[in-house]
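User: Please take a close look at a single part of this model and explain how it fits into its surroundings. I am a first-year student, so kindly give the meaning of each term as it arises.

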Amino acid sequence: MNKHTLKRESLSCSDPLYAAHALGHDYGVDKLAKDLFQQPGVMYNKLNPENDSNHLYLRDAIHLTELADDDRILSAWCHSRGGVFVKLPESVNCDEELSDQLLLISEQMGIALAEIRDSRADGVITPDEFECISRELTKTVREVLSLKAVVSSQVRTVHPIPAKSAQHE
């Protein structure tokens, strides 16, 4: 891959550099360079995971994520560290949203369990089948963490009513 070419290759969802490469491809490297006040050639090099002349620094990754409003780099970084990125709901105001989230968890859990059952049907889970299982289980974890956010948005502080003192009786 030459330094001015970004080609879509097989992208790893767990490699932040390849996620940045995909973000650049989808958003437009020239547009990113202009918006970030960098030379296009430098930006192409930074977004090329196989180029060692320019490096994508944390500050760059943050700017790219914010500018493109794209969480792929962050999500890939979380995945590479053994975690998941979960976007929290902006606001939750009603019990319906809690119910909907519980239903989503149930639905996603069913999909993940069906993937496991189907993969085990022949008695062997292949690496490709495991990738599918892993993907569905990760989606399930995201939904559970979203439930945590929904529930936390409904937490309210309750102030106890002071007990009557013996003097006023």
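Analyst: Helix H4 in its setting

From the N terminus on, the elements of the protein chain run α-α-α-α-α-α-α. The secondary structure thus comes to 7 helices and 0 strands; helices (H or I, at least four residues) and strands (E, at least two) are DSSP runs, numbered from the N terminus. The model is a predicted one, in which local features need pLDDT of at least 70 and side-chain atom pairs count only at pLDDT 80 or more, while totals for chains, interfaces and linings use all residues. Residues are numbered from 1 along each chain as its sequence is written, and side-chain values use heavy atoms, with hydrogens and water left out.

The part chosen here is helix H4, which spans residues 58–68. Its two sides may be taken in turn. Asp60, Ala61, Leu64, Thr65 and Ala68 of H4 are buried, where buried means under 20% relative accessible area, exposed over 50%, and partly exposed in between (1.4 Å probe, protein chains only). These buried residues lie on the same side of H4, because they cover an arc of only 130° around the axis; the arc is that of the directions from the helix axis to the C-beta atoms. A general rule helps here: an α-helix has 3.6 residues a turn, so residues three or four places apart point the same way. On the other side of H4, Leu58, Arg59 and Glu66 are exposed.

What does the buried side meet? The buried residues of H4 pack against H1, H2, H3 and H5, a contact being heavy atoms within 4.5 Å. Leu64, buried in H4, also has a place in the largest nonpolar core. Such a core is a set of buried Ala, Val, Leu, Ile, Met, Phe, Trp, Tyr and Cys residues joined through side-chain atoms within 4.5 Å. Of its 16 residues, Leu23, Leu32, Met43, Leu47, Leu64 and Ile73 touch the most other members. Helices H1 (16–27), H2, H3 (40–47), H4 and H5 (72–80) each supply at least two residues of this core. In soluble globular proteins, nonpolar side chains tend to be buried together.

The exposed side has a nonpolar feature as well. Leu58, which is found in helix H4, forms a nonpolar patch on the surface together with Ile62 and Trp77. Patches are made of residues with over 30% relative accessible area and no salt bridge (a side-chain nitrogen of Lys or Arg within 4 Å of a carboxyl oxygen of Asp or Glu); like charges are joined within 9 Å, and nonpolar side chains (Val, Leu, Ile, Met, Phe, Trp, Tyr) within 5 Å. The three residues have about 310 Å² of accessible area together, an area that comes from the Shrake-Rupley method with a 1.4 Å probe, only the protein chains shown counting as cover for residues.

After H4 comes Asp69, whose phi is positive, near 50°. Further along the chain are Asp70 and Arg72, which are linked with Asp26 in a network of salt bridges. The structure holds 6 salt bridges. One of them joins Lys31 and Asp35, with the closest N and O atoms 3.2 Å apart. Lys31 and Asp35 are separated by about one helical turn, because they are 4 residues apart in helix H2 (residues 29–35).

For the wider setting, 27% of the 169 residues of the protein chain count as buried. The accessible surface of the protein chain comes to about 11,800 Å², of which 55% belongs to carbon and sulfur atoms.
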